[in-house]
Amino acid sequence: MPNTITALTMPKFGLAMTEGKLASWTVPVDQSVQQGDELADIETTKITSSYESPAAGVLRKQVAEAGETLPVGALIGVLADAETPDVDIEAFIKNFHAENPQDAAATEDANAGEPKPVTVGEHTLNVRDVGTHTGTPIVLVHGFGGDISNWLLTQDALAADRRVIAFDLPGHGASSKNVGTGTLAFLAGVVSELLKTLKIEKAHVVGHSLGGGIALTLLRDHPDQVASLNLLAPAGLGKDVNSDFISAFVDSESSRDMKAVLQMLVHNKALVGRKLVDAVLRARRLDGARDALHVIAKACFPNGHQADDLRPVLAGAETPTQIFWGKEDEILSVSNASGLPDVIPVTVYEETGHLPQLERATDVNKAIAVFVKDPEAALSMARMDATA
């Protein structure tokens, strides 16, 4: 039986991604790894994320060096059995370069999945709409101060069998900066109008943090538009919030201060790279951006507490719902998930902060994908597991 050789290539974290930087290798040459082990850190314009081994084997060759920026699909390393001769490794690398021009993936469909402006009432929203148009669509609602890049590892992973929409909330990203009253009810109303504009009668709503509170409010105010809820560290289930984070996130001016603030979002602090810090600071400096966040913060987190109690929404709703939380969340404590109805499964991830969709992307994506295919069946399975 011939020895197996596996190409390690620059991953594609989103349809708009054309290149990435190999920030560092996390394992040395000749080390054995299992499928799913972290091999390297890849830095994009938005975030630094780990590259997981696609198979078990030995890292025989690091083709790319730390610090190199390469197009998606470029060969960065080779995985093989320990017994595979070096000459076979070198022949594999040569053949790969001959058969897979490094710039092919970078130039193919470079503009596919690019966000576009959509007029929704008095707002212009930055919307990224991808996937097939079969099945009930998914809409992704980011958190306070975020944007569609928060779903960098989520949107395309869920778009294999259905339409998935991510967008910048008013006051965020490339959307217009009018946030009205800044309340969850106002923002949920905008989401409702977006769904109507996109001719989506009902959607599976995935909401993170403030976006989770918006999703719950959408269910309360427009229940016919919600097929299911997947909530990640949602607002609205407790009074406490890290008010120091909220104020510093809005008002920090220097890269050093903003990096310290952003590191509060994750358990793995290495995920916060310079490019991410610079991108957030640029977003703050857009006309009206900081003022818009101040309005939302005052409306949703007055005096350092959450303004909305949305637990009654979950207590009385029949809409299938599941919740994800990071055990080390420094923004909204996982204790907020205590005391919820037994019919709502809560998954708590160890060594995970406020962004489980980034730190536990594979697990979260799989759980959401299974859930939206048949929410009732997924809930039944979760309840069986809980009582086993």
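Four aromatic pairs are counted in this predicted model. One of them joins Phe 144 and Phe 301, whose ring centres lie 6.0 Å apart with planes at 90 degrees; the pair is therefore edge-to-face, since an angle over 60 degrees counts as such. This pair connects distant parts of the chain, for the two residues are 157 residues apart. Phe 144 belongs to the loop between β11 (138-141) and α3 (155-158), whereas Phe 301 belongs to the loop between α9 (289-300) and α10 (311-316).

Both partners are shielded from the surroundings of the chain in the sense of accessible area: Phe 144 is buried, at a relative accessible area of 10%, and Phe 301 is buried as well, at 12%. Together with Phe 245 and Phe 249, these residues make up one aromatic cluster.

Phe 144 also appears in the largest nonpolar core, which has 89 residues. Phe 144, Phe 167, Leu 210 and Ile 214 have the most contacts inside this core. Helix α4 (residues 184-197) supplies the largest share of the core, namely seven residues. Leu 210 touches both members of the aromatic pair, Phe 144 and Phe 301. Among the other residues in contact with Leu 210 are Leu 184, Leu 187, Ala 235 and Ile 296. A second core, separate from this one, has 16 residues, including Leu 158, Val 164, Val 364 and Val 372.

A further feature is a hairpin formed by β9 and β10, with two residues between the strands. Strand β9 (residues 116-120) and strand β10 (residues 123-130) run antiparallel and are joined by five bridges. Thr 119 stands opposite Thr 124 in β10. In the turn, Gly 121 has a positive phi of about 60 degrees.

How values were computed
Residues are numbered from 1 along each chain as its sequence is written. This is a predicted model: local features need pLDDT of at least 70, side-chain atom pairs count only at pLDDT 80 or more; totals for chains, interfaces and linings use all residues. Side-chain values use heavy atoms; hydrogens and water are left out. Two strands pair if DSSP finds at least two bridges between them. Helices (H or I, at least four residues) and strands (E, at least two) are DSSP runs, numbered from the N terminus. Rings of Phe, Tyr and Trp (its six-membered ring) pair if their centres lie within 6.5 Å; planes under 30 degrees apart count as stacked, over 60 as edge-to-face and the rest as tilted. Buried means under 20% relative accessible area, exposed over 50%, partly exposed in between (1.4 Å probe, protein chains only). A nonpolar core is a set of buried Ala, Val, Leu, Ile, Met, Phe, Trp, Tyr and Cys residues joined through side-chain atoms within 4.5 Å. Contact means heavy atoms within 4.5 Å. Lists of a residue's contacts leave out its neighbours within four places in sequence.
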